[in-house]
Structure formats: structure tokens, C-alpha cells
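Colleague: Please take a close look at one part of this model and describe what surrounds it. Then set that part against the rest of the chain.

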Amino acid sequence: MPELVLILIRSVSSFLLLLVMARIMGKKQISQLTFFDYCVGITIGSIAATMSVDQNVKISNGLMSLFIWGLFPIILAYAGLKSRMFSNLTDGKATIVIQNGEVLEKDLKKNLLTINELILLLREKGIFKFSDVEMAVLETNGELSVMLKTEQQPVTPHVLGLTLEQEHGPSILIMDGQLLENSLEKLGYSKEWLSGEVQKQGAEDIRNVFLAQIDSRGNLFVDLYEGKKKPHLPNERPLLAATLKKIQADMENFALQTDNPEAKQLYAKHATELQKTLDSILPYLK
């Protein structure tokens, strides 16, 4: 068998096995990998590369080695799900390095972490002062989780006692010019409604739309293909200013025309208040 064909067969075989193992081993991101996971990944990659080009290694031996190195992390992961102690043994435990605003030097030494490295990890979180930190935890993947002191935590609507409308995840209705009918039916909208909405935003047809997304409040975002620019929409600010001026003038006329003293006073009061409002917002409606 020609050497190039043999390399092709070896490479395809190792690639397919790596693909299967990667799907089985889960969806951890690189930043979530522990040091053990990282070492296993490097070893598996090295075995696959060696098996692809080194003909001194039998393909059956290489595949068996890949299978074993891929199988052990899966077994350890399932064992860690069943036993917390076993999980701590294989993945390690998170370590508190700052508690009650004080740096724990002994725990830094246990994790071979210098004060400069701790400062670097804090800066990556946007924190430049130790006095702002209530607690910091060094995770098993090397990341630093930080809890700020109460007075340094950002203000949220919950803290202010405000009740907001609950917003849910948006949905894609059009992608790359293709209508996603399942999403449209799930939300209860019709194709005719969607066509009308995208036409309002400058598209002649759904096929002119690169992406259309709708949020839980019914707001539709439409992005057209290049070369299909949206037409210039009329400026609604002058129109709003003219409408408000007309309403204010109508109230003054109603105050002059009515014979009812209470209604006359009410119309005049609202006309004066609206005039004050117009004086303050007209500079922004030009």
C-alpha cells in the first residue's frame, strides 16, 4: 500500500475517533478545563499525531491507546458525579485566598500563587484595590471568583425595589435569507405579518434579509444584505413637535370657547403646563 494512502487512512481513523471522544467527553470550554483535563488533552493529541505519521506504530495499537486515554477521563467524570470526595481527589478543591477583606498568605503559598499573580487576576476582573474585595476564591481551573464588598457592588433594580417586566430570550426568524418557520409558528406569528414588518424596514422580500430577530416584547431587528440598504426614514421629531404645538393651541381655543368656568380653568391649566413642557423639550425635537 502506498505510504500516502496509509497516512491518509491513519489520519482519518484517528480523527474520527477523536471526534467521537470529544462529543462524549462533554462541552467544557478551554477556560473550564482543570490541569488534569489539559494534560489528558495534550496526551491524546500527541498520540493521534504520532499514529498518523509514524508507521512504526501499529494502527490498532494507536487506536487502542486513544480509546484508553479517552475512556479514563469519562470514567473519572462519572465517578466524580457519584462521589464528591473522588471529585476533589481528581479535580482538586477551590481555595479561598481572600476572606473578610484579608489576604490569606498560607493559602497563596499552598497554590504556589504569588501576590503579583493575585493582583493580575484581580485586575482581569476590573478590580484594582484590595479594599474593595470581601472574598476571592481560586477555582480548580485557575480562574479567580471575586465577591465585592456590599458598598462596592453594582446597583440593580432589585436593590432599588423596582419591579421590571420579565424579558425572555430572543428568537431568530430569518437567517441568511431563509425563513425559520418553526420559530415563527412557535411564537404565533404569520409569514404575512413578518413580510410586512421587514418591508417596513426597507426589505423588498424575506430573501433580502440576512438576519431577523424578535425579542419577547415583540421588537423586531432586521439586518439586510450588503447592497440592500434601508431607505432613509423620515425624521419624526419635527412631526412630534408640530403635533404637541397643535394640541397646546387646541387647549387654548377650548378654554376661550367654553362657558363652563371649571372646564375653562382646566383647559387653561393644561395648556400652560404643556407650553412649559414644550419650551423644555423643543431643543431636542429639531
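A close look at one residue

Modeller: F221 is partly exposed, with a relative accessible area of 45%; partly exposed lies between buried, under 20%, and exposed, over 50% (1.4 Å probe, protein chains only). This is a predicted model, in which local features need pLDDT of at least 70, side-chain atom pairs count only at pLDDT 80 or more, and totals for chains, interfaces and linings use all residues. Residues are numbered from 1 along each chain as its sequence is written, and side-chain values use heavy atoms, with hydrogens and water left out.

F221 lies in strand β8; strands (E, at least two residues) and helices (H or I, at least four) are DSSP runs, numbered from the N terminus. Leaving out residues up to four places away in sequence, F221 touches L211, A212 and Q213, where contact means heavy atoms within 4.5 Å. Q213 also stands opposite F221 in the strand pairing.

Strand β8 covers residues 220–224 and is joined to β7 by 5 bridges, the two running antiparallel. Two strands count as paired if DSSP finds at least two bridges between them. β7 and β8 form a hairpin with 5 residues between them, and G218 in the turn has a positive phi of about 90°. Strand β7 (residues 209–214) is also joined to β5 (residues 171–175), by 4 bridges and again antiparallel. There, Q213 is the bridge partner of I172. In a regular strand the side chains alternate between the two faces of the sheet.

For contrast, consider a helix. The C-alpha atoms of F221 and G62 are 51 Å apart, with their positions 159 residues apart along the chain. G62 is one of the buried residues of α3, which also include L66 and P73. Among the elements that cover these buried residues are α1 (3–24), α2 (35–53) and α4 (84–91). Helix α3 spans residues 59–82, 24 in number, and reaches 35 Å from its first C-alpha to its last, close to the 34 Å expected at 1.5 Å a residue; the expected span is 1.5 Å times one less than the number of residues.

M64 is found in α3 too, and is partly exposed, with a relative accessible area of 46%. An α-helix has 3.6 residues a turn, so residues three or four places apart point the same way.
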